[in-house]
Amino acid sequence: MSSATWTDSSGNFWMFGGEISPSSDANDLWVYNPTTHTWTQEIAPSQTNLPGVYGTQGTASPSNLPGARNDSVSWIDLSGNLWLFGGYGYASTSTAGDLNDLWEYVPTSKTWTWVGGSNLINQSGSYGGNPGTTGTPGSRLASVSWTDSTGNLWLFGGKGYASSGSTGELNDLWKYAPSAKTWTWVSGSSSPNQLSMGTSPGARHDSVAWIDSTGNLWLFGGVGYGPTNTLGELNDLWKFTPTNNTWTLIRSGNPLNQTGSYGNSQTPSSTNLPGSRDSSVAWTDTSGNLWLFGGYGYDSTGTLGELNDLWKFTLSTQQWTWVNGSKLANQIGSYGSQPGTQGMPGARYSANAWFSTSGSGSLWLFGGLEGSTNYLNDLWQYTP
């Protein structure tokens, strides 16, 4: 669960690290071919909880390897290379903590490069004087990320270190330019635990994110601070416009820990709204719609638990549609008689996911956590 995932230019799905059991993190690298339905292990470390092999910053080497970790974020650049940032795990020592190291993986040469950040855990952020200045994000886990059309990498929030060693929930927004190898602090606060305001989302972790066809960044839910000084589950929806660096609140999630409003299945409505949740899966289809699956949060009765509901947000109408899955928490999966048959994934959170743009586009969903100890490794395909 909570692995870093990406899709390469050939349509293969990649997965790095993640939590494979309580207190056990991996730094293995796998690739899945959706045409042949086969997994291949590209890098197979000898054990879990291994520290990273950093080498020389800026220099690729076959022996380099990020340490074991979970809840990192990842991007794909315009050249098809993977970028990996932070998470919770192991830097250059055998002690685990929050990370802010930045890595690049080149699939053609199968090499990692330590690009930036620290090879030590629990690092404070370097913000400069105000938004718009260059710096370095502090160590953190469970952030969200986007890649824009010009190849910039975007990072928002998470749980970890702000400036001067202060820790908590974060709402800072950063942009990384791979060509210049620089981070720019764009918006949000350099202090943790900020409340949600009309001009900026509150501090949070384990949100979900999308990017639309016009390059706007979208953010939904997570665990964090709402309009009051209280930590809880969120279901607010925000849009960030990079051209003018502004946040817009699209749908308010006030209050915290909100029950889902499902309406009728397959029927869009202005009153529909997914319940407050974190650790969901999100993707954008080929028509530009935003999709949301599962997570840990509140169902139609106000029960807190794992979810397997599937939602679609239509940008043109700005309405949510409950597509399928249950409106009740903690549902078991329907698997059919064998792989290849139709069914329904069971409720889960922190699953891994990929989106294929071939044909009408489809979501691929792998694993996740059911309860506190049931780690899943089932693979599902959903075609809108």
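Three strands, taken as DSSP runs of E of at least two residues and numbered from the N terminus, form an open sheet in the order β26-β27-β28 with antiparallel pairing, where two strands pair if DSSP finds at least two bridges between them. This is a predicted model, in which local features need pLDDT of at least 70 and side-chain atom pairs count only at pLDDT 80 or more, while totals for chains, interfaces and linings use all residues. Residues are numbered from 1 along each chain as its sequence is written, and side-chain values use heavy atoms, with hydrogens and water left out.

**The open sheet**
- The edge strands, each pairing on one side only, are β26 (352-356) and β28 (374-382).
- From one strand to the next the twist averages 10°, with axes fitted as lines to C-alpha atoms and angles running from 0 to 180 degrees between N-to-C directions.
- β26 is joined to the antiparallel strand β27 (residues 362-370) by 5 bridges, and Ser356 stands opposite Ser362 in β27.

**The nonpolar cores**
- A nonpolar core is a set of buried (under 20% relative accessible area, 1.4 Å probe, protein chains only) Ala, Val, Leu, Ile, Met, Phe, Trp, Tyr and Cys residues joined through side-chain atoms within 4.5 Å.
- The largest such core has 18 residues, of which Trp6, Phe16, Leu29, Tyr105 and Trp112 touch the most other members.
- At least two residues of this core come from each of β1 (4-7), β2 (13-21), β3 (24-33), β7 (82-90), β8 (96-106) and β9 (111-116), and β8 supplies the largest share, 3 residues.
- Apart from this core lies another, of 15 residues, including Val73, Tyr127, Leu170 and Trp185.

Methods. Helices (H or I, at least four residues) and strands (E, at least two) are DSSP runs, numbered from the N terminus. Buried means under 20% relative accessible area, exposed over 50%, partly exposed in between (1.4 Å probe, protein chains only).
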